[in-house]
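Here are a few exercises to work through with the model open in your viewer. Try each task before reading its solution.

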Amino acid sequence: MIRFDNYSCTYSSGKPMLHQLNLNITPGEFVFVTGPSGGGKSTLCFSINGLIPHETEGSTYQGSVTVDGNRVQDVYPNDLVSVVGTVLQDPEWQLVRGTVKEELTFALENMGFPAEEIDRRLEEVVERVEIQSLLLRSTLDLSGGQKQRVAIAACLMTKPKVIVLDEPTAELDPLGKEMVLETIRQLHQEWGYTIVFVDHNLDVSMPYVDRVIVVAEGEIVADAPPNRLYDEPLVREWLPMPQVIELARKLGVKIEDEQHRDCDPLSVEELRKALHNRGIVRPEPPRQESDRMPEGGVAPAGETLLELRNITFRYRKQEDEMTIKPLNLKIGRGEFAAVIGRNGAGKSTLCKLITGLLKPHGGELLIHGKPSREYRADQRARHIGFVFQNPDYQFVRRTVYDEVAYGLSVQKLPASEIEERVMKVTKLLQIDKYLEEHPHFLSRGERRRVAIASILVMQPEVIILDEPTTGLDSVRCREMMDYIAELWRQGHTIIMLTHDMRVVADYIPRTIVLSQGQIVWDAPTREVFSKGKELERYHITLPPVVELSHIWGWTPTALTSDELVEALSAAALPEPAFGGGVE
């Protein structure tokens with residue numbers, strides 16, 4: 001179905017993105033493409049759908065790409081639309097109509113489909129992707145996650161032979177990610193689609209796919225079934241293990257595939273069964289000598305920096321319903337808090353109210369006990385830094401260096417200090433090699449790091465991060481979180497909006513669950529994650545370690561791999577039948 005023959009691609013910058021690629025994908029395969037940010041994954045996608053070389057200015061290629069017998073370099077993208085459907089990394093790049101319904105029907109109307117067939121497909125697709133309530137909404141008014149669902153649905157409407165998805169679940173809440181993947185798997189099984197699925201989320205994606213291709217530095221460094229991927233020698237250099245595989249290898253647990261070969265479990269249920277076969281049925285929970293946060297959790301760690309008193313807000317087009325209902329919240333000096341919840345719960349709106357980008361309809365925001373209206377915008381910015389969910393919204397300069405340095409230059413700091421701080425933060429976020437590049441020419445993950453660097457370099461008291469790890473590969477995600485955690489240890493107050501529950505479990509001591517503009521829970525993360533199935537109604541699914549803890553009835557739950565392995569080691573786990581470990 002898809003064939004790359006000695007294919008190479010270079011952009012106008014002269015930077016080669018793919019090198020002598022040879023790859024065959026057969027009809028009906030579900031292929032997962034992953035690897036480090038900037039490694040060439042998006043370039044591979046654009047080479048399949050014809051955006052390279054026809055629509056990407058300055059791109060040059062050698063070799064060929066063939067899709068369903070069509071040589072892509074000889075066929076324009078509009079002629080490939082009935083063969084290849086595409087969901088881009090940023091949904092805003094492909095939403096062109098006024099309402100969601102118009103967006104979904106747009107392609108079929110242009111292709112001349114009968115109205116009855118368009119209506120039939122519309123009903124089927126909106127039910128599968130669960131966007132019935134959005135049909136009459138403007139695409140401009142949707143959250144990032146809602147826009148991504150609409151983009152996926154629009155792709156499914158045309159029923160192409162090949163579906164290329166470039167990080168389609170990046171903006172979705174945890175349950176939304178699983179629902180979209182399950183939808184794609186059903187379409188793959190029932191309708192025989194060939195799927196090329198690019199993503200960084202190994203924990204969620206691996207159980208669904210037939211084959212994993214790891215692309216790094218423009219080359220394929222591994223190509224294997226998911227349950228044998230980490231037998232490949234080069235994979236560990238580029239990809240941290242999904243938590244289930246990490247646990248299995250630390251505990252010396254394997255399962256058998258259909259050919260009776262040892263392989264890694266991919267799901268929590270497979271790991272549970274493997275442990276059950278080793279005699280681990282209901283082990284004792286780990287001892288909780290201390291937590292990362294004082295008992296009670298909601299009390300500020302230090303003096304109160306931010307206080308929201310009965311804050312309310314509604315968007316003009318939603319006169320009948322408040323987006324933020326009367327809400328009370330205190331954030332103390334030195335706290336590290338996660339705000340989680342489903343797409344559209346009000347998380348970004350809440351943070352825009354705190355930063356002053358939106359003005360509340362009712363209630364009062366206090367900064368250091370003083371009403372926020374008494375601060376000028378520049379004064380508030382010195383207290384609170386905000387990194388947008390979409391990094392493109394905050395770029396104002398032509399080079400990465402100038403973008404990161406902009407806030408410091410406005411403060412009229414000495415040039416030597418500006419340079420020192422810019423170089424330090426860009427090196428830590430590994431974007432120092434792009435200092436002379438235009439921010440918009442970078443990959444989405446790289447652009448996100450630039451946006452974060454432009455705020456972190458100013459070292460405000462409170463740093464609010466809206467989905468800072470979206471679009472980052474596993475290695476960059478951990479590096480980013482290690483840096484954010486270090487800022488917290490240095491005394492910064494961190495508020496982080498995220499859909500990555502493993503990041504919350506591993507790093508963040510306090511968790512605030514938001515739903516329909518109201519706080520449902522505000523407590524230590526371990527206490528919140530102990531709610532188990534109750535969290536599903538808010539579209540929150542738990543990391544494998546926490547899920548196993550609930551299966552075994554552990555209260556309080558374990559949060560990290562190390563806690564779970566330590567507890568099971570105390571249970572005198574039998575010696576494994578093989579010598580597999582984890583480096």
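The exercises below cover helix packing, a salt bridge, a surface patch and some backbone details.

Before you start, note that this is a predicted model, in which local features need pLDDT of at least 70, side-chain atom pairs count only at pLDDT 80 or more, and totals for chains, interfaces and linings use all residues. Residues are numbered from 1 along each chain as its sequence is written, and side-chain values use heavy atoms, with hydrogens and water left out.

**Exercise 1.** Describe how α14 packs against α16.

Solution. Start with the geometry: the axes of α14 and helix α16 (residues 444-456) are 7 Å apart, at an angle of about 30°. Axes here are lines fitted to C-alpha atoms, for helices over the stretch in contact, with angles from 0 to 180 degrees between N-to-C directions. Next, classify: α14 is therefore roughly parallel to α16 (under 35 degrees is roughly parallel, over 145 roughly antiparallel, 65 to 115 roughly perpendicular, and the rest oblique). Then name the residues: Val400, Glu403 and Val404 of α14 make the contact with Val450, Ala453 and Ser454 of α16, where contact means heavy atoms within 4.5 Å. Helices and strands are DSSP runs numbered from the N terminus (helices H or I, at least four residues; strands E, at least two).

**Exercise 2.** Now describe how α14 packs against α15.

Solution. Helix α15 (residues 415-428) and α14 have axes 10 Å apart and pack at about 130°. That angle makes α14 oblique to α15. On the α14 side, the contact includes Tyr401, Val404 and Leu408; on the α15 side, Ile418, Val422 and Val425 are among the residues involved.

**Exercise 3.** Work out the arrangement of α4 and α5.

Solution. The axes of α4 and helix α5 (residues 115-129) cross at roughly 135° and come within 10 Å. The two helices α4 and α5 are therefore oblique to each other. Finally, list the contacts: Lys101, Leu104, Thr105, Leu108 and Glu109 of α4 meet Ile118, Arg121, Leu122 and Val126 of α5.

**Exercise 4.** Find the partner of Lys147 in a salt bridge and say which parts the pair joins.

Solution. The partner is Glu92, with an N to O distance of 2.6 Å. A salt bridge is a side-chain nitrogen of Lys or Arg within 4 Å of a carboxyl oxygen of Asp or Glu. Lys147 lies in helix α6 (residues 144-157) and Glu92 in the loop between β6 (84-87) and α4 (100-110), so the pair ties together parts 55 residues apart in sequence. A search of the whole structure gives 34 salt bridges.

**Exercise 5.** Locate the cis peptide bonds that lead into Pro53 and Pro556, and find the sign of phi at Gln20.

Solution. Begin with Pro53, in helix α2 (residues 51-54): the bond from Ile52 to Pro53 is cis, with omega near 10°. Move on to Pro556, in the loop between α20 (544-551) and α21 (561-569): the bond from Thr555 to Pro556 is cis, with omega near 0°. Last comes Gln20, in strand β2 (residues 16-25): phi is positive, about 40°, although Gln20 is not a glycine.

**Exercise 6.** Which residues make the nonpolar surface patch of about 270 Å²?

Solution. The patch is made by Val396, Tyr406 and Val410. Patch residues have over 30% relative accessible area and no salt bridge; like charges are joined within 9 Å, and nonpolar side chains (Val, Leu, Ile, Met, Phe, Trp, Tyr) within 5 Å. Areas come from the Shrake-Rupley method with a 1.4 Å probe, and for residues only the protein chains shown count as cover. To place Val396, look in the loop between β18 (384-387) and α14 (400-410).
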